[in-house]
Amino acid sequence: MAKVLATEIRVGNLIEWDKRIWRVLKCYHVHVGGRGGAFMQVEMKDIEAGTKTNQRIRTEDKVERAFVEPRDMTYLYQEGDNYIFMDKENYEQLSLSQEFLESQYEYLLPNTDVQVNFHNDRAIGVQLPASVILTITATEPNLKGATATSSYKPATMETGLVVMVPAFVLQGEKIKINTDSGEYIERM
């Protein structure tokens, strides 16, 4: 296992904490002005027990990354509540449940390349690409005179994901979305 700085923790990573293996669900940097300093707020799920916890880890602290075998896979299709992936090396298929994927399934379109992490030959996490491009299927109409201001509106993507987008973005447009934060990046 390798130690990494707390600031290098990303959603989908596996870390060892309290002698257990945890999958990172949410992770963000928090800087408190004045006393206290910066820290990483990390929400993680125990891969064995399924329990969740929130931890504050100081940015200068190091955490153990769990030894995993990453495999490059491609998401193929959805079958009920299961998502089917194909190993790019040996073409074997793997079925992962919607519950296992948590909210990550909202970023998956057929032919999306992902990295599936295995621990002791068991799938324990999926690492999505840094960003994905999705099409808006529903949003409020364009507001007259709307420019690139700080006003945002909800937009539903083709996968069901809801993202806050600037007022000038229209239904049918493709947008780039950050998979770590779920935030709008730009129009495509």
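This report walks through a predicted model of a single chain, from its overall build to a handful of individual residues.

**Overall build**

Let us start with the whole chain. Its secondary structure consists of 1 helix and 16 strands. Measured out along the principal axes, the C-alpha trace spans about 55 × 55 × 25 Å. Of the 188 residues in the chain, 39% are buried. If you take the contacts between residues at least 6 apart in sequence, 44% of them join residues at least 24 apart.

**Three domains**

The chain is divided into domain 1 (3-65), domain 2 (69-127) and domain 3 (131-187). Between the C-alpha centres of domain 2 and domain 3 there is a distance of 26 Å. Their contact draws on 4 residues from domain 2 and 11 residues from domain 3.

For the middle part of the chain there is also a record to look at. An unreviewed UniProt entry places the feature "domain: Translation elongation factor P/YeiP central" at residues 70-124. In the model, residues 70-124 are 58% strand and 7% helix, and the C-alpha atoms at the two ends of this stretch are 10 Å apart.

**Nonpolar cores**

Which residues touch the most other members of the largest nonpolar core? They are Phe-85, Leu-108, Val-114, Val-116, Met-157, Ile-175 and Ile-177, out of 28 residues in that core. The core lies between domain 2 (69-127) and domain 3 (131-187), because both domains give residues to it. Another core, of 12 residues, lies apart from this one, and its members include Ile-15, Val-42, Ile-57 and Val-63.

Phe-85 deserves a visit of its own. Beyond its neighbours within four places in sequence, Phe-85 is in contact with Met-73, Thr-74, Tyr-75, Leu-76, Glu-92, Gln-93, Leu-94, Leu-96, Leu-101, Leu-108 and Val-114. Among these partners, Leu-108 and Val-114 are also on the list of core residues that touch the most other members.

**The largest pocket**

The largest pocket has a volume of about 530 Å³. It is lined by 28 residues, and the closest to the pocket centre are Val-11, Leu-25, Ser-103, Thr-179 and Asp-180. Two elements, β3 (20-32) and α1 (98-101), give two or more residues each to the lining. The largest share, 6 residues, comes from β3.

**Residues in strands**

Gln-93 is one of the contact partners of Phe-85, and its place is in strand β9 (residues 93-97). Is Gln-93 buried or exposed? With a relative accessibility of 51%, Gln-93 counts as exposed, since the cut-off for that class is over 50%. Setting aside residues up to four places away in sequence, Gln-93 touches Leu-76, Tyr-77, Ile-84, Phe-85 and Met-86. Thr-74 is 19 residues from Gln-93 along the chain, and their C-alpha atoms are separated by 9.4 Å.

Thr-112 sits in strand β10 (residues 112-119). Its relative accessibility is 13%, so Thr-112 counts as buried. Not counting residues up to four places away in sequence, Thr-112 touches Met-73, Thr-74, Tyr-75 and Pro-129. Met-73, Thr-74 and Tyr-75 are thus contacts of Thr-112, and they appear among the contacts of Phe-85 as well.

**Residues in loops**

Most residues other than glycine have a negative phi. Two residues in this model are worth a look with that in mind. Lys-19, in the loop between β2 (14-17) and β3, has a positive phi. Asn-111, in the loop between α1 and β10, also has a positive phi. The table sets out their values.

| Residue | Phi | Relative accessibility | Class |
|---|---|---|---|
| Lys-19 | near 60 degrees | 80% | exposed |
| Asn-111 | near 70 degrees | 60% | exposed |

Gly-50 is a further loop residue, placed between β4 (37-46) and β5 (52-58). Gly-50 counts as partly exposed because its relative accessibility is 33%. Along the chain Gly-50 and Arg-23 are 27 residues apart, and their C-alpha atoms are separated by 9.8 Å.

Note on methods:
Residues numbered from 1 in each chain as written. Predicted model: local features only at pLDDT ≥ 70, side-chain atom pairs only at ≥ 80, totals over all residues. Heavy atoms only, no water. Helix = DSSP H or I, 4+ residues; strand = E, 2+ residues; numbered from the N terminus. Buried < 20%, exposed > 50% of the residue type's maximum accessible area, 1.4 Å probe, protein only. Core = buried A, V, L, I, M, F, W, Y, C linked by side-chain atoms within 4.5 Å. Domains from an automatic or database assignment. Contact = heavy atoms within 4.5 Å. UniProt positions renumbered as here; feature names shortened; annotations may be inferred. 1 Å grid on protein atoms, 1.4 Å probe; cavity = no way out; pocket = protein on both sides within 12 Å on 5 of 7 lines; lining within 4 Å. Points joined across faces, edges and corners; volume = space filled by probe spheres on them.
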